[in-house]
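Thanks, everyone; I would like to walk through one model this morning, starting from its charged pairs and moving on to its nonpolar parts. Please have the structure open while I talk.

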Amino acid sequence: MTRVSRDFGDTMQNEAVPAVSSDVTFATSRFPSYKIGANNQIMETKDDPKVVSMKEVVARETAQLLEQQNRLSVRDLANKFEKGLAAAAKLSEEARLREAASLEKHVLLKKLRDALESLRGRVAGRNQDDVEEAIAMVEALAVQLTQREGELIQEKSEVKKLANFLKQASEDAKKLVDEERAFARAEIDNARAAVQRVEEALKEHERMSQASGKQDLEQLKKEVQEARRIKMLHQPSKVMDMEHELQALRAQLAEKTRHYLRLQKELARTKKGEENVPHFYELEGNEILGSYLQIQPCSDNAPDLSKCSIQWYRVSSDGAKKELISGATKSVYAPEPFDVGRLLQVDIISESQHIMLSTTGPIDPAAGLGTYVEALVRKHDTEFNVVVTQMNGSNHPAESIHVLHVGKMRVKLCKGKTTIAKEYYSSSMQLCGVRGGGNAAAQALFWQPKPGHSFVLAFESERERNASIMLARRFAFDCNIMLAGPDDRAPLGT
């Protein structure tokens, strides 16, 4: 029997068996896992027992989605399903790559088995046992690979089912979102239509209310006028008698006031020892805000007033301060709100004489004027009907009605929609009663919005004139402005 030595076996192996690639190793009994890397290179992967498979991750995410479905909004649910669909697509791609790697493993195993089979017929002894053991190991690896392929096929089918489920759920979620969006749009359109109907109904109701209110007001006015007419027809004498009686009472009051003032003046002269001194002039008029004072000759020897120099003064009640009233150089002077509580004095200077007249007491306020002004202060803007008698020192021939607006920040004069003058309260603005001008002086005021621009305005009544002055000065004082007439801020010491 021929003995095969180790050297012979090695020589035969080197000569007859083709060389096997050095990349194939049998370090373990388990076939290694491979994956396709860059440039189509086969790369070995290391199993990490702590790494969770993608299948388990997808299953856990699906369970969480199903649990949160009831408490998530429709939009969030759709986003979750879309993420799950993307994960399923990623799983499908990984399964495809695994399938390609498995095919490459089968080819490699087949080539290895063929090489070992050809080697087994050419070796004997211990080398043959090693070859048979290698062949058994390759067959076991093939069985394991087949089992792994079965698991991959099953996993792929489950991934496909999950992908289909997620795709269907995503489509359902999109449909639900579209339905909810359409429903929301319909609700919004219905709400807008309802709001528009309500607005139209309110406008219609407002128009009808205004129309009915105007009709009711006109009807009420007609009824009141008719009632007055009927009352006048039945009781004309009583109404006329009351009017005549009121006029007579006013005349008697005025006469008694003048008589009282005359007696006061005579009493004052008697106390001063001037009873026998001839008097050429005296002041006539009620010493109250809203009236006017006039110098009247009381002697035939009195000098002509037109040839005399006249100057009015404002004197404190205790006589300590005497203030010149600039521009008050006429025989008539109408007290203004600044004069309330003060004495008025006038100096008459002729060629040979210097005559001084004074009121018997301080100027009294007008009854009810303070309450009326307090009511106007609450308004943002108060309007007064006026007539412009002078503009920039020249007479204004047109006697059309203008409107003087006295506001909290400014004074404005308008004619219709045209603004004649408008100025905010400032130190250059002047406002006071007209200083002279005859019997109408008590109803007129002087207003200078700014230097070089002035007006003389006539009001409907003395009350309106004094109220406008007091109101404007009140608002100007709130703006830290002292509103007065020309040179009123320069008092003269006695």
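Let me begin with Asp-347 and Lys-322, both of which are buried, where buried means under 20% relative accessible area, exposed means over 50% and partly exposed is in between, computed with a 1.4 Å probe and protein chains only. Before I go further, this is a predicted model, in which local features need pLDDT of at least 70 and side-chain atom pairs count only at pLDDT 80 or more, while totals for chains, interfaces and linings use all residues. Residues are numbered from 1 along each chain as its sequence is written, and side-chain values use heavy atoms, with hydrogens and water left out.

Asp-347 and Lys-322 form a salt bridge, with 3.9 Å between the closest N and O atoms; the term requires a side-chain nitrogen of Lys or Arg within 4 Å of a carboxyl oxygen of Asp or Glu. This pair joins distant parts of the chain, since Asp-347 sits in strand β8 (residues 343–349) and Lys-322 in strand β6 (residues 321–324), 25 residues apart; helices (H or I, at least four residues) and strands (E, at least two) are DSSP runs numbered from the N terminus.

A second salt bridge connects Glu-336 to Arg-473, the closest N and O atoms being 2.7 Å apart. Here the separation along the chain is 137 residues, with Glu-336 in the loop between β7 (332–333) and β8, and Arg-473 in helix α7. Both Glu-336 and Arg-473 are buried.

What about Arg-474 and Glu-374, whose side chains also meet in a salt bridge? The N to O distance is 3.0 Å, and the pair links helix α7, which holds Arg-474, with helix α6, which holds Glu-374, 100 residues apart. Arg-474 counts as partly exposed because its relative accessibility is 32%, and Glu-374 is likewise partly exposed, with a relative accessible area of 37%. By the rule I gave, the count comes to nine salt bridges, and Arg-314, Glu-323, Asp-339 and Arg-342 are linked in a network of them.

Turning to the nonpolar interior, the largest nonpolar core has 29 residues, and those with the most contacts inside it are Phe-384, Leu-404, Val-406, Leu-413, Tyr-425, Trp-447 and Leu-457. By a nonpolar core I mean a set of buried Ala, Val, Leu, Ile, Met, Phe, Trp, Tyr and Cys residues joined through side-chain atoms within 4.5 Å. At least two residues of this core come from each of α6 (369–377), β10 (381–391), β12 (401–407), β13 (410–415), β16 (444–450), β17 (453–459) and α7 (462–478), and the largest share, six residues, is supplied by α7.

Apart from this core lies another, of 19 residues, including Leu-293, Cys-308, Ile-325 and Ile-355. Cys-308 counts as buried because its relative accessibility is 13%, and Cys-432 also counts as buried, at 2%. The structure holds zero disulfides, a disulfide being a pair of cysteine sulfur atoms within 2.5 Å.

Lastly, on the surface, Leu-217, Leu-220 and Val-224 form a nonpolar patch with about 250 Å² of accessible area together. Leu-217 lies in helix α4 (residues 126–234) and counts as partly exposed, at 44% relative accessibility. Patches consist of residues with over 30% relative accessible area and no salt bridge, with like charges joined within 9 Å and nonpolar side chains (Val, Leu, Ile, Met, Phe, Trp, Tyr) within 5 Å; accessible areas come from the Shrake-Rupley method with a 1.4 Å probe, and for residues only the protein chains shown count as cover.
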